[in-house]
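Subject: A structure for you to explore

Hi there,

Here is the structure I promised to pass on to you. Have it open while you read, and I'll walk you through what turned up.

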Amino acid sequence: MSTPIRERMKALFSPIKKITALGLLLLGLTLPACSASWLVDPVIRYFQKKTGLEIRIQEADWSFRPLRLTCKQIELTRQDPALQVRLSIDRLAVQFGWEFGDQPPFWPRMHIERLEASLPRGKIRFKGGVTRTDWRTFFKKIPAVHVLKVQRFSGEIETAGNVFHFPSGVDLSGSILPETGVRLAVKSGPAKVLSRELSVSAEGIRGEMEMIPAENPLSWKARVDLSRAEVRTPQFRLAGPAGGCSWRGRGKLIEISNLDGTLSGFQGIFQGFQVRGQGELRLRGTARWGTGERKEEIIPSLILALTASRVALEKGNEQINGLVSGELRVEGVMSRPRLSGKIRVAEVRGELPPFRWRDLGGVIPVQGTYPELVFTGVEVRAAEFVRQGQACPLRLTRPQADFSASILGGGQRLTIQDIRLSSREWGGLTGGLEFDRRRGAVPNGTADLSGFPLEKIINFFPLAGISVDKLKIPVQGRVAWQQEASRTPWEFRLDLEAQGLTQQWAGPRWGMEDLGGRFRARISWDPPRGAWSGEGTQIIDRGDLFGNPGRIRFNDYPLEIDWKGQFNVAEKSRVLEGQARVAFVPSGPWEVAGRLDWAAGDLKYETRVTAGQVPLATGYRFWRDQSGRESWVPEADLQGTVATAFTLVGNQRGGRLRGRVQGADLKAGGADSSWSLRLKQVDLPLRWTYGDPVLPEPDEVVAGRLEVEEVHTPWIRTRGLDIPVQARKNRVEIPGTITLPCGGGNLFLGNPVLSWSGKLPLLEAGLELKGLDLAVLLPTTPVAGSVQGDLGRIRLDTRRGEAPGRLGAAVFDGWVEARDLVVVEPFSPDRRLQAAVAFDFINLEKVTGLFSFGHISGYIQGRVDDLVLKGFIPERFQLTLKTREVEGAAKRINVQAVENVSLLGTGSGEPGGLQKGINRWFQDYAYQEIGLSCRLLDDTFTLRGTIFEGGTEYLVKSPGWYGIDVINQNPENEISFSDMLERLRRIGSKKDPGGNHDGQ
């Protein structure tokens, strides 16, 4: 039909529609007021047909002007697979409207002008959930409602597993116009939403919704506001959520806008920890999502803000609590959101045994597209960080760290770079780490150290109980480690340098001073097998190691150690195997190879040491220089090299050493060419057992020898000695007796033995001297006589030497005998000689003739007890001397001797004093007796006479009126020994006035 015809038909039927409607209206006005069933029943059937609801009404009333139906006590039910309804309404008022159709037969079309329901109660359940298509079909089936008003609905609405519970009532208003749109507004008091994993309750809910069912695709929008809500899941509880947001949907797209919500607290479980939080958490922004072909994609633009939130985590005795604040922006798509913001933590205290810290704070900037994130400029500070426990203690005071980090590789890799770590106790530490989940939990990384205290790391990972608490080892350098794949070994590379190491052990005698050097190593660690392997170089090139008696200085001769080995840590085994090359110019190159095994705590070891060329020249010169200028080691010139090889086998209770020292064409000589020694061949076996070794040491005898080409000293000259040597457990000896020509006589060494079974090495030998000529032994002095004696079996260790025999000399017409010879600290510059000396028939005329003391004739006898010499200077003695009566021997003393005796005794005595007056005619005097007693103790020297007569103490007594007396006029006089030495110097500086005699 054409448009003009259609318009004319509408114009024709329009008056007919109006006349018909007017007639029906007049008919209704003339109907009597009678039962409404004739009207209610059609209306109920109409609603049942449209909604599928069964409707029961106890009381109904209607009015035709306008058409209005009021019902009381209405029950609505529906039971089908999609929808279940059970609802009761106290009062329902429905006002109808209608209009005629545009097409014949022009029947009126009904709608609801106004629908009001009071106090509806019941339950509505959408069993299979309601899809967007269901909503459109549902609205097409129900009549239009221009005004809808529901007051105080109470009950439940269930859909898709979610239960909306409104116990105190909901007010609903709006309109339902299936052709043009649906508009609803909701207001409720306390309400609750329950699901299988979620519970949401609120003190109040406000919302509004607008939907246009006729559009394709379906579009809608809504607004929801919550007040004082609570959200619960099996793991978390959120307290005080409040705020609102707007919702918009069209087809498969949903959008949230104007989101602005807050949270006052939360608690829950995370990784086994109880988590609690208090403070303000604010979320604002927008989000939209839709269902694509494969998955839902959420596109947010959110800001998450935290304001001084107090957060706590607890699990048993483990706990962490502190303040968290900051802001985080989330944009993009939810599967790969873009994050940016900054998180701050403060006042964090933690207890995760064995770790504890307090007052931790920091800033963590975040940016990137998840899971690719960047943390630039992270700052962390704390007041204290402690690692508790006796095995590995650690304490950091005011530690601080700055670094940047990034999460890469789809969240598989975490890279931390530009790390700067420091604390009051530690030096600077910089470097980086890379965590790769595909390789395992341990990161690859590098660490640059500056002044880093290595002793703290050694104490943190102790080996066999070793602790270096008192040792300071500041190091600098780099440590790097990496793992190629999850099951491959870890590779470590170390390049460290340490200097200025100073420490003492066992008092001031042992230690190091300003020691320094480098350590470079490559180490491989295989965790599944518990195996370590590696190689490296250690160089000490500065500073000193000092001990008794000297020092090792590394400034001129660096010590270099090249090593490689492996360490296996199996379940029941601990095995270390390796070898090392030690290069040190004074001792030459050495090689060490061995194995340590301490399974079940029982240490066992087996080591082999070899040295092919030990240089005697540089070695001897170096060790003598290190022992100091006052060393007992003489200056010497050594030539040649020796070789050694030995093995050490044992456990922590003891072990044994077996080896040899060999050499050929060795030379030694004094710096002044006063002595020399040439060894054609050296072959010395070594056998040493210490402690209580597991392996028994058989008492076997191993042979060696010393082939001496020449011995030359001022007293000994000999050639061609072939000396056999025998070694057995802790013992090296020369069997038999060695005879050496010495000083015109012979020196006999009987069975020399070097043993070290005790705490100190011990040298034993028989020593006898026969016919030694003093003129040969002391060629620069006019002393004639001979020396001989049997010192017995001498014993010498590093602390003491003893000779139980006697040593005698025939000299000055008499004899001198020493016995009880002892040397204390024989290898120290402070060594001391102890002895007891006796002498008799000593001709004073021959003794005084050697000095400028003056002339005395006659013989003396005496003894020296408690003699102690340091070097050649006495420290203590007790001397007793008196005249020995010899028939026919003259006893005379000249003037100079008298004056010197007086000077020694009293400190006075004027030179030439006796040569005045009548005494100037006499040059010597007779005496009857000499008696002296001298004592030196604690640097105090006393000299007393031993001749007493009439209360007078005489040093020298005359025979009568014609002789001379020397009287001790100050018997209590005590002087220091230095003053006595000064008196002797004064005596030695005076010239003999000519009173010497030959005794004839």
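To start with, which kind of contact do the side chains of R276 and E314 make? They meet in a salt bridge, with 3.4 Å from N to O. Please keep in mind that this is a predicted model. As background, side chains of opposite charge can pair when their charged atoms come close.

The R276–E314 pair is a nice one to look up, because it links distant parts of the chain: R276 sits in strand β15 and E314 in strand β16 (residues 296–315), 38 residues apart. Are the two residues buried or exposed? Each falls in between: R276 is partly exposed, with a relative accessible area of 37%, and E314 is partly exposed too, at 32%.

More salt bridges

The count of salt bridges comes to 53, and here are a few others to find. E535 and R522 bring their side chains together in a salt bridge, at 3.5 Å from N to O. E535 belongs to strand β30 (residues 531–546) and R522 to strand β29 (residues 510–526), so this pair ties together parts that are 13 residues apart in sequence. E535 counts as partly exposed at 37% relative accessibility, and R522 counts as partly exposed at 28%.

Then look at E802, which forms a salt bridge with R800; their closest N and O atoms are 2.7 Å apart. Here E802 has 36% relative accessibility and counts as partly exposed, while R800, with a relative accessible area of 37%, is partly exposed as well. There is also a network: R349, R358, D359 and E384 are joined into one by salt bridges that share partners.

Empty space inside

Rolling a probe the size of a water molecule over the atoms shows where empty space is left. In this structure there are 2 cavities of 30 Å³ or more. The second largest cavity holds about 30 Å³ of space. Which residues line the second largest cavity? They are L263, S264, G265, F266, G277, Q278, G279, L281 and S309. Two elements, β14 (253–270) and β15 (273–291), give two or more residues to this lining. By type, the lining of the second largest cavity divides into 3 nonpolar residues, 6 polar ones and no charged ones.

How some strands pair

Next, go to strand β6 (residues 145–159). Strand β5 (residues 121–126) pairs with β6 in the parallel sense, over 6 bridges. One place to see this is K123, whose bridge partner in β6 is E156. β6 also pairs with strand β7 (residues 162–177): those two run antiparallel and are joined by 10 bridges. Within that pairing, V150 stands opposite L172 in β7. The hairpin of β6 and β7 has 2 residues between the strands, and A160 takes a positive phi near 50° there.

A buried valine

Last stop: V966, in strand β58 (residues 966–967). Is V966 buried or exposed? With 5% relative accessibility, V966 counts as buried, because the cut-off for buried is under 20%. Leaving aside residues up to four places away in sequence, V966 touches V898, V901, S902, Y954, L955 and V956. V966 and E899 are 67 residues apart in sequence, and their C-alpha atoms lie 8.9 Å apart in space.

Have fun looking around, and write back with any questions!

Conventions:
Residues numbered from 1 in each chain as written. Predicted model: local features only at pLDDT ≥ 70, side-chain atom pairs only at ≥ 80, totals over all residues. Heavy atoms only, no water. 1 Å grid on protein atoms, 1.4 Å probe; cavity = no way out; pocket = protein on both sides within 12 Å on 5 of 7 lines; lining within 4 Å. Points joined across faces, edges and corners; volume = space filled by probe spheres on them. Helix = DSSP H or I, 4+ residues; strand = E, 2+ residues; numbered from the N terminus. Nonpolar A, V, L, I, M, F, W, Y, C, P; charged D, E, K, R; others polar. Salt bridge = Lys/Arg side-chain N within 4 Å of Asp/Glu carboxyl O. Buried < 20%, exposed > 50% of the residue type's maximum accessible area, 1.4 Å probe, protein only. Pairing = 2+ DSSP bridges. Contact = heavy atoms within 4.5 Å.
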